[in-house]
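Ready for some practice in reading a protein structure? Work through each exercise with the model open beside you, then compare your steps with the solution.

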Amino acid sequence: MDSTVMKPGGAAQAFLSRAKRFLIGGEFVESISGKTFEVVDPSTGNALARVCEADHRDVDAAVAAARRAFDTGPWPRMKPAERQALIWKIGELIDRHAQELAEIEALDNGKPVTIARVVDVAYSAEMFRYMSGWATKLGGRTIPLSAPGDYLSYTLREPVGVVGHIVPWNFPLLLAAWKLAPALAAGCTMVLKSAEQTPLSALRLAELIQEAGLPPGVVNIISGFGETAGAAMCAHDGIDKIAFTGSTEVGKLIVKAAAGNLKRLSLELGGKSPMVVFPDVDVAQVVPGAAGAIFFNQGEVCSAGSRLYAHRSVFDKVVEGVAEIASKIKLGSSLNPATEMGPLVSEEQRARVMGYIEKGRKEGAAVVTGGNAPNGLGYFVQPTVLAGTHKDMTVVREEIFGPVLCAERFDDDDLDRIAAMANNTPYGLAASIWTRDISIAHKLATRIRAGSVWINCHNALDAALPFGGFKQSGWGREMGEEVFHAYTEVKAVTAAL
Ligand code: NAI
Ligand code: MG
């Protein structure tokens, strides 16, 4: 554990010392109540900044601005190519401020700045660029009718309206980009609420969106808590659709809250994604792949490979290999360029993860490596491998959302039974299959009940690939062309000729 604490560069420091207000209707404004809340650096537990705290009145103001921008503003009526150019520009501005954004994200979330730069920031810029291209490509189709008479029928794809985006703390900037970019391309207007743990990068993004020159009210960004501002958004009659990423528990609350005006919903929720390793693999290739699948981003990843099932003939070698990598991962503060794993996002999240490890021990799992929270400042948890886990243990059934792998051996070659083992979870976000046998790989891929299946890799994501969950991992898909189901309504127009 390297406890060297580093200072951010000048641009990030300047941002940290500026007032952090909401973007509403094209202006930076304070909360109506005047309330602010503290943001903490999880590497040290020290205060980092204070940001304005939204309550239902700020939500009302942001929704009113988005409503005006949708009902009477230029954005939904603008030529697609003009929208495309403005969305592209946001991507360019993110790239231009990449190091600053990476430092802000690392300080706020705890993730290593090197990861923030090449993953969070780079993929955010790419998401705006990729989605900008869809602005000019979304269209309907003509449909031949069988009804008696002569008709011309065609469909239009129209923006769903005012969208409320609610994002979590594990990829604050990137998940904001996943939501804002396609909604903008579709011609929607929107209110985004960041997570209370990590409001900073969204506020810097708000400044860049202003700089890009979007019409006022198209993107409104607020900071605040889920139970207050988030709940107010979900119950708001002025919002036509909520796009949410977060816990399955809150996803279910949102389903109830949205009933009032039957808002459209897309929900990207938790996961407990399996990795299935067959006997024919090259262990030297699987080991770093599996370690990366669970330890990337401190394990705070909805699609983390958290359940490892390895065939008994390779189980020991795979588990030893992953444990060896785990024991060598350099924990450290987020701004240190040598850090490979940062702290968890909050004291609460560390307590939650440590509680799971304790439960795993009590229920009979063997701690192969890790298992502790290092002494000293910051919310660190050692990368942990639990072996001898089985389907009834809490650590296997529930999402831990931390650097904890559950490893179990299997001794079977029946693909239906192997699929049943992998599918034995209420979640269905992702899975990976590790084998050199293409027949096994593709047969199992069809039997897995999950939105993403990776073969000989894990967490391979791309702006062009749809991502989302089966079962209790959610509703709808993000990214790719599929995301536009979430942000458009289809209208059928029929003319009697
Ligand atoms: P959460 O689901 O409470 O928070 C996510 C977002 O929802 C935040 O912006 C929060 O302010 C908002 N929110 C909370 N309650 C709300 C409500 N009643 N109405 C509207 N919005 C609300 O997640 P939390 O408590 O931060 O983490 C708990 C667990 O959730 C984690 O340990 C992890 O298992 C899971 N999680 C999954 C994520 C994913 O990527 N699928 C992301 C974050 C958490
Ligand atoms: Mg919560």
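**Exercise 1. A serine in a loop**

Which residues does S43 touch, not counting residues up to four places away in sequence?

Solution. Keep in mind throughout that this is a predicted model.

Step 1: Find S43 in the loop between strand 3 (36–41) and strand 4 (46–52).

Step 2: Leave out the residues up to four places away in sequence, and you are left with S333, S334, P343, L377, G378 and F380 as the residues that S43 touches.

Step 3: Look at S334 from that list: its backbone nitrogen lies 3.0 Å from a polar atom of the S43 side chain.

Step 4: Decide whether S43 is buried or exposed. Its relative accessibility is 6%, and buried means under 20%, so S43 counts as buried.

**Exercise 2. A serine in a strand**

Find where S273 sits, and describe its surroundings.

Solution.

Step 1: S273 belongs to strand 11, which covers residues 273–277.

Step 2: With a relative accessibility of 1%, S273 counts as buried because the limit for that class is under 20%.

Step 3: Set aside the neighbours within four places in sequence, and S273 is in contact with C302, S303, A304, G305, S306, R307, L429, A430, A431 and H458.

Step 4: Pick out A430, whose backbone oxygen the side chain of S273 reaches at 3.1 Å.

Step 5: Now try a distance between C-alpha atoms: S273 and V118 are 24 Å apart in space and 155 residues apart in sequence.

**Exercise 3. A proline on the borderline**

Work out which accessibility class P466 falls into.

Solution.

Step 1: P466 lies in the loop between strand 18 (452–455) and strand 19 (470–471).

Step 2: Its relative accessibility is 27%; partly exposed runs between the 20% and 50% limits, so P466 counts as partly exposed.

Step 3: Not counting residues up to four places away in sequence, P466 touches S452, R477, E478, M479, G480 and E482.

Step 4: For a longer view, take E100, which is 366 residues from P466 along the chain; their C-alpha atoms are separated by 29 Å.

**Exercise 4. Two domains**

Describe how the protein is divided, and how many residues each domain gives to the contact.

Solution.

Step 1: The domain assignment gives domain 1 (10–269 + 474–493) and domain 2 (273–463).

Step 2: The C-alpha centres of these two domains lie 30 Å apart.

Step 3: To the contact between them, domain 1 gives 32 residues and domain 2 gives 29 residues.

**Exercise 5. Around the ligand**

Build up a picture of the shell around ligand 1.

Solution.

Step 1: There are 29 residues around ligand 1, and V167, W169, E196, S247 and E399 come nearest.

Step 2: Sort the shell by class, which gives 14 nonpolar, 10 polar and 5 charged residues.

Step 3: Check the domains: at least three residues of the shell come from each of domain 1 and domain 2.

Step 4: Look for polar side-chain atoms beside oxygen atoms of ligand 1. One from E196 lies at 2.5 Å, one from E399 at 2.7 Å, and one from Q349 at 3.1 Å.

Step 5: Consider the cover: ligand 1 taken alone exposes 810 Å², and the protein buries 91% of that.

Step 6: List the elements that give two or more residues to the shell: helix 8 (226–235), strand 9 (241–245), helix 9 (248–257) and helix 12 (347–362). Helix 8 gives the most, with 4 residues.

Conventions
Residues are numbered from 1 along each chain as its sequence is written. Chains are lettered from A and ligands numbered from 1 in the order in which they are written. This is a predicted model: local features need pLDDT of at least 70, side-chain atom pairs count only at pLDDT 80 or more; totals for chains, interfaces and linings use all residues. Side-chain values use heavy atoms; hydrogens and water are left out. A residue is near a molecule or strand if one of its heavy atoms lies within 4 Å of it. A polar contact is a pair of N or O atoms within 3.5 Å; within protein, one must be able to donate a hydrogen and the other to accept it, and residues adjacent in sequence count only if both atoms are side-chain atoms. Accessible areas come from the Shrake-Rupley method with a 1.4 Å probe; for residues, only the protein chains shown count as cover. Ala, Val, Leu, Ile, Met, Phe, Trp, Tyr, Cys and Pro count as nonpolar, Asp, Glu, Lys and Arg as charged, and the others, Gly among them, as polar. Domain bounds come from an automatic or database domain assignment. Buried means under 20% relative accessible area, exposed over 50%, partly exposed in between (1.4 Å probe, protein chains only). Contact means heavy atoms within 4.5 Å.
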